[in-house]
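Here is a quick tour of one chain, going from its charged pairs to its sheet, its core and a few loose ends. Keep the viewer open as you read.

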Amino acid sequence: MTDSSTQQAYAGDNSSSAQPAPTLGKYECRMLPHGAYTLIPTTLATLAWIASLSQDGCDYARLEGPIVGDLTGNLEDIPFLEVGMKAFRVPKYNVNAGKFEINYSEDCIGYGDYDVGFAFEMARVFAFLALVFGGGGALFLWFSSCFVFGPSTWKWAGYEVAIATFFQILAFCWFGSDLCKNGGSCTAHYGAHSDIIALIFWCISAFLIFRRYPSPLLIETDDAVDIPPPTGTVLNADLELPVAGDANATMPSSSDNGTAPVTNVKATEDDAEII
C-alpha cells in the first residue's frame, strides 16, 4: 500500500467515519444504570428498616414475675406486662374469656422514675443508631437505581448497612437489663421478633453489597466521534489507482492547482497498488 491508498481510506463523506460513542452517564439519571442487581440489597435494607419501625415502643417483650407488681403498684394481680424500649402496656381482665388480655387501642404507660438499668438505656441508644444507619443506608441505596455509583460509593452504602447490623445486635442487650433479671423474666414478643427480621435482612443486604460491585451499563448516544483526516492532500473517492503494467492509467484533475490531467502514463510497480 502506498500513501495514496492510505489517504483514500479517509476520503469521501466524513460521516462514514463517525462512530457512536458509548458513555456511562454518571451524572445523568436513568433507570437502573447498574442493572437489576442493585434492587436486591436495596429492597432488603428497606424491608429491614420497615420491620424495625413497625413496633410501637411497648411490645418488645413479655415480662412476668414479681417485678410486674413493682411497675403497676400492686393494684391488681396482673400476671404479665408487655414491655418495650419506651413504655409498657397493662392487660385487662376479660370476664367473658376468663383471662387477662391486652387492649392495643389503649395508650402505653411510661416507666417514670423506675430505674430500668444501664443495659436498658444502652439498648435504646443502640436501637436508635440502628434505625439511623439502616434507614440512611436504605435511602442511599435507592439512588443507585437512578444514578451511577462508583465502587467506593457502593461500598460506603454497604458500610452503613453493616453498621446498622452491628448496632441492631447490640440492641439485644435489652434482655440483660435489670428489668429482666431482678425478679423478672422476659420473653421475646412482637418488637423483638421484628428486630430479628431486620437484623437478618440488613446482614444479607450488606453481604450482597460487599460481594459484588455491579458495573454500570454502557449506553449508546447519538453523538459521533469525528476522525480527523491525515495531513496532506486527500484524493477523491473515485480515484482509480494504477495497476502494474497498465499503460493507459488516467489521473483525475487536481482541484488545487487546476492543471490538466496527465494521460498515457506507464505505471510502474513502485507506484502501483498490488492487488
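## Salt bridges

Four salt bridges turn up in this structure, which is a predicted model. As background, side chains of opposite charge can pair when their charged atoms come close. One of the bridges joins Arg62 and Glu82, with N to O at 3.6 Å. That pair ties together distant parts of the chain, since Arg62 sits in strand S2 and Glu82 in strand S3, 20 residues apart. Glu82 also forms a salt bridge with Arg89, and here the closest N and O atoms are 3.8 Å apart. Zoom out a little and you get a network of salt bridges linking Asp56, Arg62, Glu82 and Arg89.

How covered are these residues? Glu82 has 0% relative accessibility, so it counts as buried. Arg89 is buried too, at 4%, while Arg62 is partly exposed with a relative accessible area of 26%.

For a local pairing, look at helix H4: Arg124 and Glu121 meet in a salt bridge at 2.8 Å, N to O. They are three residues apart in H4, so about one helical turn separates them. Both ends are partly exposed, with Arg124 at 28% and Glu121 at 35%.

## The five-stranded sheet

Strands S2 and S3 belong to an open sheet of five strands, running S7-S4-S3-S2-S8 with antiparallel pairing. Which strands stand at the edges? They are S7 (109-110) and S8 (185-188); each has a single partner strand, so one side of each is left without a neighbour in the sheet.

At the S7 end, the partner is S4 (residues 87-89), and the two pair in the antiparallel sense over two bridges. If you want a spot to click on, Ala87 has Gly110 in S7 as its bridge partner.

## The main core

In soluble globular proteins, nonpolar side chains tend to be buried together. Here the largest nonpolar core has 43 residues, and those touching the most other members are Leu63, Leu81, Val83, Tyr111, Trp174, Leu179 and Trp202. Several elements give two or more residues to this core, among them helix H2 (39-53), strand S2 (61-64), strand S3 (80-83), helix H5 (151-171) and H7. Helix H4 gives the most, with seven residues.

Trp202 is a good place to park the camera. Leaving out residues up to four places away in sequence, its contacts are Ala45, Ala48, Trp49, Ser52, Ala130, Gly134, Val161, Ala164, Thr165 and Gln168.

## A nonpolar patch outside

One of those contacts, Trp49, is found in helix H2. With a relative accessible area of 33%, Trp49 is partly exposed. Trp49 also belongs to a nonpolar surface patch with Leu47, Ile50 and Leu53, and together the four have about 350 Å² of accessible area.

## Two loop residues

Most residues other than glycine have a negative phi. Leu32 goes the other way: it is not a glycine, yet its phi is positive, at about 50°. You'll find Leu32 in the loop between strand S1 (19-23) and H2, partly exposed at 22% relative accessible area.

Finally, is Leu218 buried or exposed? At 58% relative accessibility, Leu218 counts as exposed. Its place is in the loop between helix H7 (190-211) and strand S9 (219-225). Leu218 and Pro33 are 185 residues apart along the chain, with 8.3 Å between their C-alpha atoms.

Note on methods
Residues are numbered from 1 along each chain as its sequence is written. This is a predicted model: local features need pLDDT of at least 70, side-chain atom pairs count only at pLDDT 80 or more; totals for chains, interfaces and linings use all residues. Side-chain values use heavy atoms; hydrogens and water are left out. Helices (H or I, at least four residues) and strands (E, at least two) are DSSP runs, numbered from the N terminus. Buried means under 20% relative accessible area, exposed over 50%, partly exposed in between (1.4 Å probe, protein chains only). A nonpolar core is a set of buried Ala, Val, Leu, Ile, Met, Phe, Trp, Tyr and Cys residues joined through side-chain atoms within 4.5 Å. Contact means heavy atoms within 4.5 Å. Patches are made of residues with over 30% relative accessible area and no salt bridge: like charges are joined within 9 Å, nonpolar side chains (Val, Leu, Ile, Met, Phe, Trp, Tyr) within 5 Å. Accessible areas come from the Shrake-Rupley method with a 1.4 Å probe; for residues, only the protein chains shown count as cover. A salt bridge is a side-chain nitrogen of Lys or Arg within 4 Å of a carboxyl oxygen of Asp or Glu. Two strands pair if DSSP finds at least two bridges between them.
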